[in-house]
Amino acid sequence: MPNPLENRHIALGVTGSIACYKSVDLASKLTQAGALVDVLMTPEATKFLAPLTFRSITHRPVITDIFAPESELSINHVAVAERADVVIVAPATANTIAKLAHGLADDPVTTTVLATRAPVIVAPAMDANMYENAATQQNVAALQGRGYIIAGPASGRLASGLIGLGRMLETPDLLGCIKVVLGRDGDLANRKVVVSAGGTQEPIDPVRVIANHSTGKMGYALAEAARDRGADVSLVTTPTALEDPYGVNVIKVRTALEMRSALLHQCSNADALIMAAAVADWRPTETADHKLKKGDSDTWSIDLVKNPDILAEISGEGLIKVGFAAESEDLIANAQSKLVSKGLHLIVANNITAPDSGFGTDTNRVTLVDREGRTTELPLLTKYEVGHEILDRVAKVLA
Ligand code: C5P
């Protein structure tokens with residue numbers, strides 16, 4: 001399942017909020033990812049955006065009027081609802097949420113939601129006062145009680161100028177939410193997967209750290225891939241430039257010791273631990289509590305003490321452990337010996353000297369080495385695809 005959106009039918013209901021300009025981006029990203037997007041608009045939404053905008057992006061008819069003779073809904077008013085794998089109403093105004101809560105069906109969006117058996121995601125967008133109004137709160141709670149997924153809203157600056165709760169979620173989060181819903185019954189459903197990501201930072205003093213080149217991309221891609229197969233995912237990560245993935249429990253740490261205690265806690269009830277983080281082997285014996293002075297000497301040395309090997313140390317009844325071996329020489333032999341010494345089920349060997357693999361790239365060229373001694377050399381893949389290759393094997397062991 002390298003692309004969870006490929007050929008999936010997504011019904012996108014757009015209602016009359018200025019946040020609908022963001023739905024254009026959502027429709028575009030969904031289409032680029034291979035989804036078949038049917039856009040339904042309320043009459044109010046067409047005042048903000050021309051249907052042609054969505055038609056140009058999705059290359060599919062846009063439905064704005066249930067009774068228009070040329071509209072698919074005028075022939076079969078539940079056609080879109082029936083073929084949808086997911087229905088997402090984004091933005092959902094207070095008015096549309098109220099109609100949905102009461103089962104009204106007087107426009108293409110509410111008709112499709114009422115008629116579908118697919119999961120429904122509602123992404124509210126409105127002024128903070130309207131969102132906080134007891135009527136809206138009750139309506140949202142009613143939808144939630146019926147199993148609708150309420151995505152957002154986020155807090156921030158609103159079109160009214162107010163700062164508050166009411167912003168529609170951004171495209172990456174809505175895409176994440178759609179993938180969570182599509183993956184609910186995946187092969188990792190009801191499994192807890194813990195992933196570590198990023199490079200640890202070991203403080204020398206309040207200003208300086210010992211760090212490494214890990215950007216966290218591999219671990220984040222793994223966390224998203226596990227999420228998209230239905231897993232309950234905890235991502236223990238160091239500071240990175242990456243956005244928190246939607247639907248993943250993100251735990252932020254800095255040092256190897258902080259990572260160790262977060263992972264020990266998370267793994268107590270986990271099915272798998274995938275250790276993509278680059279953990280510093282050494283940390284300064286002492287951290288100065290003030291900035292160390294340069295002094296007159298031309299050299300400087302710091303005493304280091306060994307960090308615990310987190311992956312070797314953590315074990316648990318039935319816990320599947322996957323490690324990474326970033327090597328610049330003797331790749332497979334080094335990976336094999338780490339697999340044994342750390343008690344792993346699988347190790348992912350990557351040659352960090354290859355230009356299209358390793359730190360900071362979106363792609364990786366890895367060899368998987370398992371307990372049975374099998375080595376599988378994978379072609380150049382995106383890190384998300386590498387994540388699925390790893391998870392294929394984890395899911396097989398768990399099954
Ligand atoms: O021994 P080496 O650092 O090459 O092993 C790499 C694997 O072990 C990675 O999965 C890494 O996250 C993990 N590791 C660890 N604790 C350390 C060092 C590495 O868990 N102190």
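Pro-91 is found in strand E4, which spans residues 86–92, and in this predicted model the peptide bond that joins Ala-90 to Pro-91 is cis, with an omega of about 0°. Another cis peptide bond runs from Gly-152 to Pro-153, where omega is near 0°; Pro-153, for its part, is found in the loop between strand E6 (149–150) and strand E7 (154–157). A further backbone feature concerns Asn-7, which has a positive phi of about 60° although it is not a glycine, and which is found in the segment before strand E1 (9–14).

The ligand can be described next, beginning with its place in the protein. The space that the ligand takes is the largest pocket, and the elements giving two or more residues to the shell around the ligand are helix H13 (310–313) and strand E17 (320–327). The residues around the ligand are Met-275, Ala-277, Val-279, Asp-281, Pro-308, Asp-309, Ile-310, Leu-311, Gly-323, Phe-324, Lys-338 and Lys-342. Sorted by class, this shell has seven nonpolar residues, one polar residue and four charged residues.

Backbone atoms of residues in the shell make polar contacts with the ligand, and the table below sets out the partners and distances.

| Residue | Atom of the residue | Atom of the ligand | Distance |
|---|---|---|---|
| Met-275 | backbone N or O | oxygen | 2.8 Å |
| Ala-277 | backbone N or O | oxygen | 2.7 Å |
| Pro-308 | polar backbone atom | nitrogen | 2.8 Å |

Taken on its own, the ligand has 450 Å² of accessible area, and the protein covers 86% of that area.

Beyond the ligand, charged side chains also deserve attention. Side chains of opposite charge can pair when their charged atoms come close. How many salt bridges does a search of the whole structure find? The search finds 21 salt bridges, and one pair that forms a salt bridge is Asp-271 with Arg-191, whose closest N and O atoms are 3.4 Å apart. This pair links distant parts of the chain, since the two residues are 80 residues apart. Asp-271 lies in the loop between helix H12 (256–267) and strand E14 (272–275), whereas Arg-191 lies in the loop between helix H10 (171–182) and strand E9 (192–197).

Key:
Residues are numbered from 1 along each chain as its sequence is written. This is a predicted model: local features need pLDDT of at least 70, side-chain atom pairs count only at pLDDT 80 or more; totals for chains, interfaces and linings use all residues. Side-chain values use heavy atoms; hydrogens and water are left out. A residue is near a molecule or strand if one of its heavy atoms lies within 4 Å of it. A polar contact is a pair of N or O atoms within 3.5 Å; within protein, one must be able to donate a hydrogen and the other to accept it, and residues adjacent in sequence count only if both atoms are side-chain atoms. Accessible areas come from the Shrake-Rupley method with a 1.4 Å probe; for residues, only the protein chains shown count as cover. On a 1 Å grid over the protein atoms alone, a cavity is a set of points where a 1.4 Å probe fits but cannot get out, and a pocket is an open set with protein on both sides within 12 Å along at least five of seven lines; lining residues have an atom within 4 Å of a point. A molecule sits in a cavity or pocket if more than half of its atoms lie within 2 Å of its grid points. Helices (H or I, at least four residues) and strands (E, at least two) are DSSP runs, numbered from the N terminus. Ala, Val, Leu, Ile, Met, Phe, Trp, Tyr, Cys and Pro count as nonpolar, Asp, Glu, Lys and Arg as charged, and the others, Gly among them, as polar. A salt bridge is a side-chain nitrogen of Lys or Arg within 4 Å of a carboxyl oxygen of Asp or Glu.
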